[in-house]
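User: I would like to know how the labels used for this structure are reached. Please set each value against its definition.

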Amino acid sequence: MYLKSIELSGFKSFAKKNSFEFDSSVSAIVGPNGSGKSNVAEAFRFVLGEQSIKSMRGKRGEDLIWNGSTNEPRSNKASVKVVFDNSKKIFSIDFPEVIIERRVYRDGLNEYLINGSLVRLKDVLELLAGAHIGASGHHIISQGEADKILSANQKDRKSMVEDALGLKLYQYKHQESGRKLKKTFENIVQVEALRKEIAPHLKFLSKQVEKIEKTESMRNELLSLAQEYFKREDIYISLSKSELALERKPINESLEKLAKESKNAKKVIEFESGLNEVQKQKDSLMRELGKIEGLIISEERVIQNEEKLSASDELKTIRLKEVENLYQEVSLLSNIGEVIKKLKDFITERKHSTDSKLISEARAKISELKKHQSELEVSVEELKEKEHKITDAEKAVFRIMSEENELISKLNILKAREEKLDLEIEEFKRELTEVGHLVGTEALHFKNLDVGAEVSVMKEDREKQNERKHNIEKFKIRLEDSNVSGMEEIHKEYKDTSERDAFLARELLDLEKSAVTLELLIKDLEMRLAVEFSSGLEKINKEFNKLFTAMFGGGEASLTLIKQVGKRSDLEDLERSDLEETDEEVEEGLDIKVNMPKKKIRGLMMLSGGERALTSIALIFAISQVNPPPFIILDETDAALDESNSKKYGDLVEVLSKHSQLILITHNRETMSRAGVIYGVTMGSNGVSKLLSISFDQAVEVAK
């Protein structure tokens with residue numbers, strides 16, 4: 001089963017979503033007139049890309065959308081989705097299931113989807129053509145169209161047969177190749193016109209290029225001279241820079257070292273407050289030391305005098321305070337003996353004794369003075385050390401200043417050499433720029449040039465380099481007079497124009513080859529179409545005659561290819577060029593010839609309604625058996641058959657169901673009996689089609 005299901009939503013009378021599952025080889029759709037059965041066949045036409053709204057019984061796309069009723073609001077869009085089983089790869093798409101959906105909106109917009117992805121109508125038609133399916137082909141016969149293949153003109157009848165034989169894909173390719181060939185010829189004309197247009201300009205540019213070639217040798221010579229000059233100058237500048245850097249380095253290092261020494265010496269001078277201040281402090285301390293030494297000598301003399309006096313009692317000195325204390329003590333005594341004893345004791349105590357208190361005080365003063373003397377001596381030593389440091393620092397400052405002046409003098413000489421080198425570098429850069437403008441960036445590629453050892457370059461007299469520079473200046477003037485810059489633009493333009501002309505020539509050759517290939521392809525397609533059509537027509541005639549004989553119990557029927565000579569339309573005549581020949585167009589068509597048994601009837605016009613119905617059914621079934629499509633939809637094609645012919649029709653349906661799925665829209669009981677599934681379509685008072693289904697195949701399985 002290739003056709004799995006179809007789903008209708010908002011399409012015509014199917015206001016709500018309804019789904020038809022086709023899991024039987026023969027499915028029948030039945031129902032009363034006006035219930036919406038034929039809308040199912042039209043839904044197939046719609047989803048398979050039918051563009052004629054008239055063939056779906058409408059005038060505009062909006063007519064296909066459910067328009068509402070008293071109980072059911074109208075829809076904004078109509079959608080039909082058909083699902084195919086692609087497990088056998090009948091479609092050229094790598095999916096096990098192919099879902100094709102079409103939507104139409106009230107503004108007339110149509111959308112096409114394949115497996116949920118938006119695509120073009122062309123993509124849908126090409127996909128279906130590969131499986132022999134079309135929107136209006138032989139496999140969808142709508143109500144009242146059973147006689148269509150008989151009543152159609154010969155050209156349309158041939159188109160129906162080609163569609164049935166699966167030749168639409170080749171016709172699409174033939175039409176596409178024809179359009180490509182026409183476009184290719186148009187492109188050839190355009191390319192030839194472009195080449196003619198640029199030919200005079202190319203000729204002019206070629207003469208201008210000759211002038212450029214005359215200056216090319218001069219340019220090459222300048223390039224050679226300039227590269228050697230630049231290489232030597234680059235070596236000279238590079239080595240001079242290195243030499244000056246080496247000479248500057250020890251001077252800078254010495255200046256940095258002297259700057260640090262000077263800074264340290266000045267810090268010493270600043271920290272020690274200056275030499276004069278230190279000397280003043282030292283002199284002050286020396287004077288104070290002298291005073292202390294004098295006081296120490298004075299106190300030592302007091303001690304010596306006291307010790308001499310203690311050796312002689314006559315000169316013994318007694319303190320007045322002690323005598324006063326003795327007097328007070330004696331005055332308090334009433335006994336003369338006690339007074340005498342007290343005086344005797346006083347004299348005995350002071351006889352041969354020294355004034356230890358006076359001596360101890362003197363010695364304490366001496367000790368204190370010596371301690372102070374020691375502190376002052378330490379301070380004096382510190383001041384002497386500071387004086388020595390300041391003196392050394394001042395000497396260092398004078399020495400550093402002398403050395404700095406000497407180094408600065410050397411540095412100034414070095415700076416003068418550096419400034420001269422800077423001028424030479426600027427001149428070198430200027431020459432690079434000027435020569436680069438004249439001969440291009442090749443002048444800058446001098447680094448890898450070999451001019452000998454660097455030492456020999458440095459030893460070379462600078463006059464030789466100046467002479468090279470002078471020669472370069474001469475060439476520069478001559479090239480500027482030749483207007484080389486303008487010539488370069490012309491050379492570029494000539495190159496671009498030549499390349500464009502060559503490109504157009506290649507393009508023209510490719511187009512001519514493409515035209516030949518397309519012409520061969522068109523011929524091959526035409527031949528293939530002719531062969532396929534001829535062999536297919538032969539098979540159809542065989543089956544058509546066989547079925548016709550079975551239907552009528554004899555007789556003959558066949559399709560005959562005829563050719564008619566017709567005039568081209570006025571529009572086609574206008575599109576033809578004056579150089580084209582005005583041959584008349586030859587059209588091909590198919591004529592149907594029938595020979596009824598027991599009747600002298602040889603034309604379709606002489607057949608009755610029932611005979612036409614049987615003939616059309618025989619032809620449709622014959623076409624379907626030659627190149628069976630995946631499914632066939634027959635909408636009341638058996639309406640005009642009597643009971644006897646209905647049985648023959650049913651037998652043919654069963655034969656045909658072995659090759660294709662059949663969806664039959666019918667009122668005929670005989671036809672219904674051949675179906676495995678019957679869908680009943682009814683319509684209520686609200687105008688909405690409803691769906692019921694009966695599966696006889698499943699019922700048989702259950703019954704078993």
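**Labels and their cut-offs**

User: Why is S75 called buried?

Analyst: S75 has a relative accessibility of 16%. Buried means under 20% relative accessible area, exposed means over 50%, and partly exposed lies in between, with a 1.4 Å probe and protein chains only. S75 therefore counts as buried. The model is predicted: local features need pLDDT of at least 70, side-chain atom pairs count only at pLDDT 80 or more, and totals for chains, interfaces and linings use all residues. Residues are numbered from 1 along each chain as its sequence is written, and side-chain values use heavy atoms, leaving out hydrogens and water.

User: Which residues does S75 touch, not counting residues up to four places away in sequence?

Analyst: They are G10, A15, I65, W66 and R106. Contact means heavy atoms within 4.5 Å.

User: What makes strand β3 largely enclosed by the rest of the structure?

Analyst: β3 covers residues 26-30, and 5 of the 5 are buried, so the strand is largely enclosed. Strands are DSSP runs of E with at least two residues, and helices are runs of H or I with at least four, numbered from the N terminus. V26, A28 and V30 point one way from β3, while S27 and I29 point the other way.

User: How do you know that β3 and β12 pair?

Analyst: Pairing requires at least two bridges found by DSSP. β3 and β12 (residues 661-665) have 4, in the parallel sense, and I29 stands opposite I665.

User: Why are α14 and α15 called roughly parallel?

Analyst: Their axes cross at roughly 10 degrees. Angles under 35 degrees count as roughly parallel, over 145 as roughly antiparallel, 65 to 115 as roughly perpendicular and the rest as oblique. α14 and α15 are therefore roughly parallel to each other.

Methods:
Axes are lines fitted to C-alpha atoms, for helices over the stretch in contact, and angles run from 0 to 180 degrees between N-to-C directions.
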